[in-house]
Amino acid sequence: QVQLVESGGGLVPTGGSLRLSCAASGSRFTIDAVGWFRQSPGKQRGMVALIADGGSIAYADSVKGRFTISRDHNKNMHYLQMDSLKPEDTAVYFCYVGSRVGGPRWGQGTQVTVFS
């Protein structure tokens, strides 16, 4: 129903930056929340950044001060600006949108690799 297409992942050195983009299309319902999650091998998917229904923003402690989430309502896109990247940030990053009616929807994941 709601299709999410991610872009911007890649290989970056420690201290570098990447910007992830997520484009949502085909939504029949209002998108109430958007965010980014990540998962590394052997670990559960965890929240990185989230813009909740009312506009409040939450970040995982590990990325506070380094990552910035933003949203463009008119374009049905949201972004994750990642600065001062660390090897610990290496993971598959998943775009997320949530609807009170339509439920959650996930992107396919994009690999971010930070090398020393």
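## A tour of an eleven-strand chain

Start with the whole chain: from the N terminus on, its elements run β-β-β-β-β-β-β-β-β-β-β. The radius of gyration is 14 Å, close to the 13 Å that the globule rule gives for 116 residues, so the chain is as compact as a globular protein of that length. This is a predicted model. Colour by secondary structure and count: eleven strands, zero helices.

**Whole-chain view.** Align the view to the principal axes. The C-alpha trace spans about 45 × 25 × 25 Å along them. Switch on the surface. About 6,200 Å² is exposed, and carbon and sulfur atoms supply 50% of that. Buried residues make up 40% of the 116 in the chain. Now select the charged side chains: 12 are positive and 8 are negative. The centres of these two sets lie 4 Å apart. For a contact map, take pairs with a separation of 6 or more; residues 24 or more positions apart account for 53% of those contacts.

**The core.** Next, select Trp 36, Val 48, Phe 67, Leu 80, Met 82 and Tyr 93. In the largest nonpolar core, which has 26 residues, these touch the most other members. Which elements give two or more residues to this core? They are S3, S4 (33-39), S5 (46-51), S7 (67-72), S8 (77-82), S9 (91-99) and S11 (110-115). In soluble globular proteins, nonpolar side chains tend to be buried together.

**Leu 80.** Centre on Leu 80 and show its contacts beyond four places in sequence. Leu 18, Arg 19 and Leu 20 are among them. So are Trp 36, Val 48, Ala 49 and Tyr 93. Phe 67, Thr 68 and Ile 69 complete the set.

**Met 82.** Stay in strand S8 and move to Met 82. Is Met 82 buried or exposed? Met 82 is buried, at 0% relative accessibility. Beyond four places in sequence, its contacts include Gly 16, Ser 17, Leu 18 and Leu 20. Tyr 93 and Val 112 also touch Met 82, as do Arg 66 and Phe 67. Draw a C-alpha distance from Met 82 to Arg 66: 6.2 Å in space, for 16 residues in sequence.

**Cys 95.** Go to strand S9 and pick Cys 95. Its relative accessible area is 0%, which means that Cys 95 is buried. Leaving aside neighbours within four places in sequence, Cys 95 contacts Cys 22, among others. Also show Leu 4, Glu 6, Gly 35, Trp 36 and His 78, which are in contact with Cys 95 too. Arg 105, Trp 106 and Gly 107 finish the list. For a longer line, join Cys 95 to Val 12: they are 19 Å apart, C-alpha to C-alpha, and 83 residues apart in sequence.

**Ser 21.** Select Ser 21 in strand S3 (residues 18-25). Ser 21 has 12% relative accessibility; buried means under 20%, so Ser 21 counts as buried. Beyond four places in sequence, Ser 21 touches Val 5, Glu 6 and Ser 7 on one stretch of numbering, and Met 77, His 78 and Tyr 79 on another. Trp 36 is also one of its contacts.

**Two loop stops.** Most residues other than glycine have a negative phi, and most peptide bonds are trans. Check phi at Asn 76, in the loop between S7 and S8. The angle at Asn 76 is near 55°, a positive value. Asn 76 is partly exposed, at 43% relative accessibility. Finish at Ser 84, in the loop between S8 and S9. Its phi is positive too, near 50°. Ser 84 has a relative accessible area of 42% and is partly exposed.

How values were computed. Residues numbered from 1 in each chain as written. Predicted model: local features only at pLDDT ≥ 70, side-chain atom pairs only at ≥ 80, totals over all residues. Heavy atoms only, no water. Helix = DSSP H or I, 4+ residues; strand = E, 2+ residues; numbered from the N terminus. Buried < 20%, exposed > 50% of the residue type's maximum accessible area, 1.4 Å probe, protein only. Contact = heavy atoms within 4.5 Å. Rg over C-alpha atoms; globule rule 2.2 N^0.38 Å. Areas by Shrake-Rupley, 256 points an atom, 1.4 Å probe, with all protein chains shown as cover. Lys, Arg positive; Asp, Glu negative; His and termini not counted. Charge placed at Lys NZ, Arg CZ, Asp CG, Glu CD. Core = buried A, V, L, I, M, F, W, Y, C linked by side-chain atoms within 4.5 Å.
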